[in-house]
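User: Hello! I am new to this structure and would like to learn how to read it feature by feature. Could you walk me through it?

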Amino acid sequence: MDMNGMKMVTASRRYQKGETQSLTAQVGLMPAAMAAPVQAMNLNMETDESIVKTATVDGFTVHHNHEKAQNSGAVMVFLGGANQASSALFTLEYDGISAQDAMALAKRFDWKKMQAATAALR
């Protein structure tokens, strides 16, 4: 999408295992102003219903939201570019998968390669 000088590019892929487990992996290139609030979040909490964690993993800011009852959530990895006109974000949304397994699956994607590929598009 290119509208009024703001450009957004996304690539996504969906994975399904059986009837209950699914993943959607997405890499997005967006205006830095849109990604800045995601990167700035620093929330860590756990309730009976959900877990929200912010951490640095392998040098990347990672936000992980998990809904316990549904065994679903999202892992968001900030790929960089906040000080430039555009920024990049990798998101892994999941259903029917534990929080630990979701993070392990997210780590199977090569964040450094995604970072390099999105930097080349800026």
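Analyst: Happy to help; we will go through strands, single residues, the core, aromatic rings and a charged pair. Please keep in mind that this is a predicted model.

User: Let's begin with strands. How do β7 and β8 pair?

Analyst: When reading a strand pair, look at the direction and then at the bridges. Here β7 and β8 run in the antiparallel sense, with seven bridges between them. Two of the facing positions are good landmarks: histidine 66 stands opposite glycine 73 in β8, and valine 62 has valine 77 in β8 as its bridge partner. The two strands form a hairpin with four residues between them, and asparagine 71 in that turn has a positive phi of about 50°.

User: Which strand pairs with β7 over eight bridges?

Analyst: That is strand β6, residues 50-57, and the sense is again antiparallel. In this pairing threonine 54 stands opposite histidine 63 of β7. The hairpin of β6 and β7 has two residues between the strands, and aspartate 58 takes a positive phi near 50° there.

User: Is strand β8 largely enclosed or open?

Analyst: Count its buried residues. In β8, residues 72-80, eight of the nine are buried, so the strand is largely enclosed by the rest of the structure.

User: Now a single residue. Is histidine 66 buried or exposed?

Analyst: The number to read is the relative accessible area, and buried means under 20%. Histidine 66 has 5%, so it counts as buried. This residue belongs to strand β7, which spans residues 60-67.

User: What does the side chain of histidine 66 meet through polar atoms?

Analyst: There are two places to look. One is a polar contact of 3.3 Å with the side chain of asparagine 71, the turn residue with the positive phi. The other is the backbone oxygen of serine 72, 3.5 Å from a polar atom of the histidine 66 side chain. Beyond the neighbours within four places in sequence, histidine 66 is also in contact with other residues, among them Glu49, Ile51, Tyr94 and Ile97.

User: Can we read threonine 54 in the same manner?

Analyst: Certainly. Threonine 54 is found in β6 and is buried, with a relative accessible area of 14%. A polar atom of its side chain lies 3.1 Å from the backbone nitrogen of leucine 43. Setting aside residues up to four places away in sequence, threonine 54 touches residues including Met41, Asn44, Thr61 and Val62.

User: Which residues of the largest nonpolar core touch the most other members?

Analyst: This core has 21 residues, and those touching the most other members are Val62, Val75, Val77, Leu79, Phe90 and Trp111. At least two core residues come from each of β4 (21-31), β7, β8, β9 (86-95), α2 (99-107) and α3 (111-121). You have met Val62 and Val77 already, as bridge partners.

User: How should I read aromatic pairs?

Analyst: A pair of rings is described by the distance of the centres and the angle of the planes. The count here comes to three aromatic pairs. In one of them, the rings of tyrosine 15 and phenylalanine 109 have centres 6.4 Å apart and planes at 70°, so the pair is edge-to-face. Tyrosine 15 lies in strand β3 (residues 9-17) and phenylalanine 109 in the loop between α2 and α3, so the pair ties together parts 94 residues apart in sequence. Tyrosine 15 is partly exposed at 34% relative accessible area, and phenylalanine 109 is partly exposed at 24%. Phenylalanine 109 also forms a tilted pair with phenylalanine 90, at 5.1 Å centre to centre and 45° between the planes. Phenylalanine 90, in contrast, is buried at 1%. Together, Tyr15, Phe90 and Phe109 form one aromatic cluster.

User: And how many salt bridges does the structure hold?

Analyst: Side chains of opposite charge can pair when their charged atoms come close. This structure holds one salt bridge. The side chains of glutamate 46 and lysine 68 meet in it, at 2.8 Å from N to O. The pair links distant parts of the chain, 22 residues apart: glutamate 46 in strand β5 (residues 45-46) and lysine 68 in the loop between β7 and β8. Glutamate 46 is exposed, with a relative accessible area of 55%, while lysine 68 is partly exposed at 30%.

Methods: Residues are numbered from 1 along each chain as its sequence is written. This is a predicted model: local features need pLDDT of at least 70, side-chain atom pairs count only at pLDDT 80 or more; totals for chains, interfaces and linings use all residues. Side-chain values use heavy atoms; hydrogens and water are left out. Buried means under 20% relative accessible area, exposed over 50%, partly exposed in between (1.4 Å probe, protein chains only). A polar contact is a pair of N or O atoms within 3.5 Å; within protein, one must be able to donate a hydrogen and the other to accept it, and residues adjacent in sequence count only if both atoms are side-chain atoms. Contact means heavy atoms within 4.5 Å. Two strands pair if DSSP finds at least two bridges between them. A nonpolar core is a set of buried Ala, Val, Leu, Ile, Met, Phe, Trp, Tyr and Cys residues joined through side-chain atoms within 4.5 Å. Rings of Phe, Tyr and Trp (its six-membered ring) pair if their centres lie within 6.5 Å; planes under 30 degrees apart count as stacked, over 60 as edge-to-face and the rest as tilted. A salt bridge is a side-chain nitrogen of Lys or Arg within 4 Å of a carboxyl oxygen of Asp or Glu.
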